[in-house]
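Please examine the sequence and the structure shown here before reading on. The explanation that comes after is intended to be read alongside them.

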Amino acid sequence: MLRVAAGIYEVDTASGLWNASLRGRIKKRDDRIVSVGDLVELEWVDDEPRITQVLPRESALTRHGVSKRREQVIVANVDQVAIVAAADQPAPDLLMIDRLIALSVLSEIECFLVVNKSELTDANPDLEPYKELGVDLLRTSVKAETGLEALADRLVDRITVLTGQSGVGKSSLLNALVPGLDLRVGEISERRGRGRHTTVASALYRYPGGGYVADTPGLQYLALWDMDPAELGLGFEEISLASEACRFSDCRHRSEPNCAVLEAVAAGEILPRRHESYLRLLDEAEGSR
Ligand code: GDP
Ligand code: ZN
């Protein structure tokens, strides 16, 4: 299912794109409302498709991080999250990047970084360390037309969510990769505001080489609300690794005695700014309880 508006569901089928309705009976089952990205079964009534069933999901990006209560699926069956940053202009919002990586890791979805506007600077020292954390880094420039093929290859036959700060070139990249898409470029609109009540509308576009790319405005502002603060550390690879040696198994790595994470930060093995990001998100997660 590619997008929904006013009870009409756009579905991609063997015979092309169709507008489908929902069969009465599944409407009442709110545990599994049809979400963008869902695989669905259709029945045809007078040449009109109706959704009769939603197939089990492989993965999902949800409104409330990874908590199961009050879960609201933003996109289902996401194979990978492409976090777009700019090498420069704007300077990368590292907290946002850390948040998106944590969200992906905790949702068990692969993620990688796309460093666009790469013609502006050779390498951004703030972004290079992500490679050591196991996050692939692809350089692109829509302007100089470099790196686009490598990114295009990674999108084939997969469902990819493209997200990141505004102004980094997400619309420009999508326009370069999906001919005929024509998203508006250079609009500094935050579209639907930010914060707890941000709506994250989403839609999938068919990728010409096979697969889909998702437009999910607002995803970048999603906090890890309602997630278990005890699990947040798992979203930070180096913190998760070091924490195995913490004295307390429920250590939050804030000021506990014999905290192996704090020791690793002091020893220069963990970047202080990554630990700070973790603490910021921890405050958020705890504040929401
Ligand atoms: P979005 O907000 O992430 O969707 O970003 P846009 O696609 O709207 O692009 C924001 C601005 O960056 C626009 O003025 C684009 O022309 C510009 N831009 C996009 N890609 C590049 C690039 O590779 N290099 C440079 N220098 N500017 C770019
Ligand atoms: Zn600790």
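The paragraphs below take up confidence, then the metal site, then the salt bridges.

The model is a predicted one. Its protein chain has a mean pLDDT of 87, and 87% of the residues reach 70 or more. A stretch with low values is found over residues 188–198, where the pLDDT is below 50. Beyond near neighbours in sequence, this stretch has 20 contacts in the model.

The zinc ion (ligand 2) offers a clear place to begin. Its protein donors are Cys246 through SG, Cys251 through SG, His253 through ND1 and Cys259 through SG, and they lie 2.1 to 2.4 Å from the ion. The arrangement counts as tetrahedral because the four donor atoms subtend angles of 101 to 116 degrees around the zinc ion, and the criterion requires all angles to lie between 85 and 135 degrees. Along the chain, the donors follow the spacing C-x4-C-x1-H-x5-C. Cysteine 246 and cysteine 259, 13 residues apart, both belong to the loop between helix 7 (237–242) and helix 8 (260–266). Both of these cysteines are buried.

Attention now turns to charged side chains. Side chains of opposite charge can pair when their charged atoms come close. A search of the whole structure finds 17 salt bridges, and three of them may be followed individually.

In one, aspartate 98 pairs with arginine 274, with the closest N and O atoms 2.8 Å apart. This salt bridge links distant parts of the chain, since aspartate 98 is in helix 2 (residues 94–106) and arginine 274 is in helix 9 (residues 272–287), 176 residues apart. Aspartate 98 has a relative accessible area of 0% and is therefore buried; arginine 274, at 2% relative accessibility, is buried as well.

Helix 2 and helix 9 also hold the partners of another salt bridge, arginine 99 and glutamate 284, which are 185 residues apart. Here the closest N and O atoms are 2.9 Å apart. Arginine 99 counts as buried at 11% relative accessibility, whereas glutamate 284 is partly exposed, with a relative accessible area of 23%. Salt bridges that share partners also join Asp98, Glu238, Arg273 and Arg274 into one network.

A further salt bridge connects arginine 3 with glutamate 10, the closest N and O atoms being 3.2 Å apart. Why do these two partners fall into separate accessibility classes? The cut-off for buried is under 20% relative accessible area: glutamate 10, at 19%, is therefore buried, while arginine 3, at 28%, counts as partly exposed.

Methods:
Residues numbered from 1 in each chain as written. Chains lettered and ligands numbered in written order. Predicted model: local features only at pLDDT ≥ 70, side-chain atom pairs only at ≥ 80, totals over all residues. Heavy atoms only, no water. Salt bridge = Lys/Arg side-chain N within 4 Å of Asp/Glu carboxyl O. Buried < 20%, exposed > 50% of the residue type's maximum accessible area, 1.4 Å probe, protein only. Helix = DSSP H or I, 4+ residues; strand = E, 2+ residues; numbered from the N terminus. pLDDT = per-residue confidence, 0-100. Contact = heavy atoms within 4.5 Å. Donors = N, O, S within 2.8 Å, 3.2 Å for Na, K, Ca; no water. Tetrahedral: all angles 85-135°; square planar, octahedral: opposite > 155°, others 65-115°.
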